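Trainee: I would like to go through this model and ask how each label is earned. Please set the values against the definitions.

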Amino acid sequence: MSEYALRMNHVFKRFRRGDQHDSLRDLIPSLVKRAVRKDRERALAPHEFWVLNDISFDVRRGETLGIIGHNGAGKSTMLKHLSGIMVPTRGTIDVTGRLSALIEVGAGFHPDLTGRENVFLNGVILGMTRSEVKRKFDEIVDFAGLEEFIDTPVKRYSSGMFARLGFSVAAHLEPDILVIDEVLSVGDFAFQRKGIEKMRAIAKSGATVIFVSHNLQAVAEFCDRGILLERGSIVADGPTDQVIRRYLDTAISHGERTVRGPVRIVATSITGTGGEIGRFSAGNKARIKVLLEASASAEKVAVVIQLFDAAFYDVFNTSSERLTHSPVCLDAGQRAECEFEVDLHLGAGTYYLGVYLYRYDMEREYDHIFPATSFVMTTDRDTHGAANLYPVVTRFEALSETRPATLLAPGRSQG
Amino acid sequence: MIDALRELIRNRELLYMITWREIRIRYKQSVMGLLWAVLMPIIITSAGVVVRVAASRVSGQPITGADIGGIGVKALPWAFFVSALRFGTTSLTGNSSLVTKIKFPRLIFPLSSVLTSLFDMGIAVPVLLIVLPFAGVRPALTMLWVPLLLLILVIFTAGLCIAFSAANLFFRDIKYIVEVVLTFAIFFTPVLYDAAVAGKWSSILMLNPLAPILEGLNSSVILGRQPDLRWITYSACVSVLLFWSGIVFFRRLEPRFAESV
């Protein structure tokens, strides 16, 4: 058997932007138009672009590879090529062994079928035989922790239960190559942990794992090797830490720009008061600096900052205006700097900073850059979530007298 | 083509599971359950009886039990054809999450629509078998033609489903066209009437590949006569050709499915 589990050789994929005819009703007039106005139509030819542009890499057997990149860099498209769902325009992909791709948890689950029925259905869809599913059935249900609900239609499941069952089926595939897209962002924290453990066990058993995620922390924790994709090309390939650092470095220059107004964001940085960059401990103080420049005179410019977590959930936002600082007016060519000081009471994980230039009275957006930069938070306590509340257990002991449970305050959380 | 069939055989469990899912859902969701499979043929047969009664008023010939039995025998395969084609056409677009997320031979989708409809027909057949003796139909050796005729019907239907499912993925209005054509196709197909009523024009009706199959079923089951072999051969050839070209067409478009769905 070859030493490589997977090889991509100069893979190109062309996508078409803009109009696509998906009804005959549209096709016929457009054919007529094309016949009548040949030259003009050619000038306006639908825009095509390379969503994958000359991708070549090899993955050794047993390697764990993480693929990172901004939205639209081509990560998901690449996975779809690896798993054979899409076919490249040019180039070849060689796969040695049984490959299972988990692009979406519970794809193929039917809401009206019970958990049991869906396990069989999904297992076979993902490439197991029915007897294999039967053999592993108890293990799958046990892993998902859904014994009591297994004969309930999955439409009555919570989204967490749904995701757990879906992941559990996929985790029991025993593939040679496992391709996973973002699926560990599902389920509650305890289950995510369990999922990572399971993936680690799969990797340890000698399988090759290819993992795509926005969650840089998970990638860093799990993968030996990273690949950074940018606009369909590989720009970095090497040890995960280095590739992630490279990604964070380039994050500033590759945020998505939307508005080109008279004033634009030139640079954004977040620096700890102790000089830290890119990595902070919970509770650190940090300064967010935004440098802007006007190309023409701009009135009443306010700066908005917004923090997103790894799942791009908006965890925090504010603005110079909302902090009662008056907006600035800039002449052509003039620069301005805006600085926020923040206490980073954030949970562990990766965060992305977005910056907007906004005029409040006109409700006009001048410029917008996201992600302007990103950083990683670490914490010494085992907590989860966007906020860090610095928990300490102050008391936990068995009580001497037994009290009826009804004396507990109603509405007490179980978490 | 051989590749495609080999791939299907390798994935027969998947075909089974997808078909099982369709059947399960269809019978779980509808309150009527198994009655569902019988309802369509009953409606078609009733429509046929109305047409026949009207025709006999005009012609002065009384209707016989065999006439009505004949309509029943044709109604079942017609109901199968209509439902398979209807579900088959949307089978890829309706399973878009599977088409874009998981790799496996997509031919399974249109084929499972055919199998699901075949299952429905299988439910309705015993009902027909109970009713037929009351229409004066006695078992005859010619009934041995039935499996062959049904096989041709399935191949023909599968060919159309395969081609339309792929086409509908690229042109979403194909399904409306199919709906409209199916609604009126019953007038061009000898379901409610016999091809013979068209007299010397009947051979034009028989060009419809379904016509020889339906007429063949009528003659072998109801009339105890051997079907017209020339027309059956014609139907079989068209069906196999359609099936083959449907698969070739489908396989050629298959690499583009995931981007177009």
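Trainee: What phi does B:Gly224 take, just after helix 10 of chain B?

Mentor: B:Gly224 takes a positive phi of about 65° there. This is a predicted model, in which local features need pLDDT of at least 70, side-chain atom pairs count only at pLDDT 80 or more, and totals for chains, interfaces and linings use all residues. Residues are numbered from 1 along each chain as its sequence is written, while chains are lettered from A and ligands numbered from 1 in the order in which they are written.

Trainee: What makes residues 210–223 of chain B count as helix 10?

Mentor: Helices are DSSP runs of H or I with at least four residues, strands are runs of E with at least two, and both are numbered from the N terminus. Helix 10 of chain B has 14 residues. From first to last C-alpha it reaches 19 Å, close to the 20 Å expected at 1.5 Å a residue; the expected span is 1.5 Å times one less than the number of residues.

Trainee: Why is helix 10 of chain B called largely enclosed?

Mentor: A residue is buried if 20 or more other C-beta atoms, placed from the backbone, lie within 10 Å of its own; with 12 or fewer it is exposed, and in between partly exposed. Twelve of the 14 residues of helix 10 of chain B are buried, so the rest of the structure largely encloses this helix. Among them are B:Leu214, B:Glu215 and B:Asn218.

Trainee: Which helices do the buried residues of helix 10 of chain B pack against?

Mentor: They pack against helix 4 (65–89), helix 7, helix 9 (202–206) and helix 11 (229–253) of chain B.

Trainee: How do you know whether chain B agrees with a compact globule?

Mentor: The radius of gyration is taken over C-alpha atoms, and the globule rule is 2.2 Å times the number of residues to the power 0.38. For 261 residues a compact globule would have a value near 18 Å; chain B has 19 Å, so the two agree. In chain B, 44% of the 261 residues count as buried.

Trainee: What secondary structure does chain B have?

Mentor: Chain B has twelve helices and zero strands.

Trainee: How many residues does each chain give to the contact?

Mentor: Chain B gives 21 residues and chain A gives 27. Two residues are in contact if their C-beta atoms, placed from the backbone, lie within 7 Å. On the side of chain B that touches chain A, the largest share, eight residues, comes from helix 2 of chain B.
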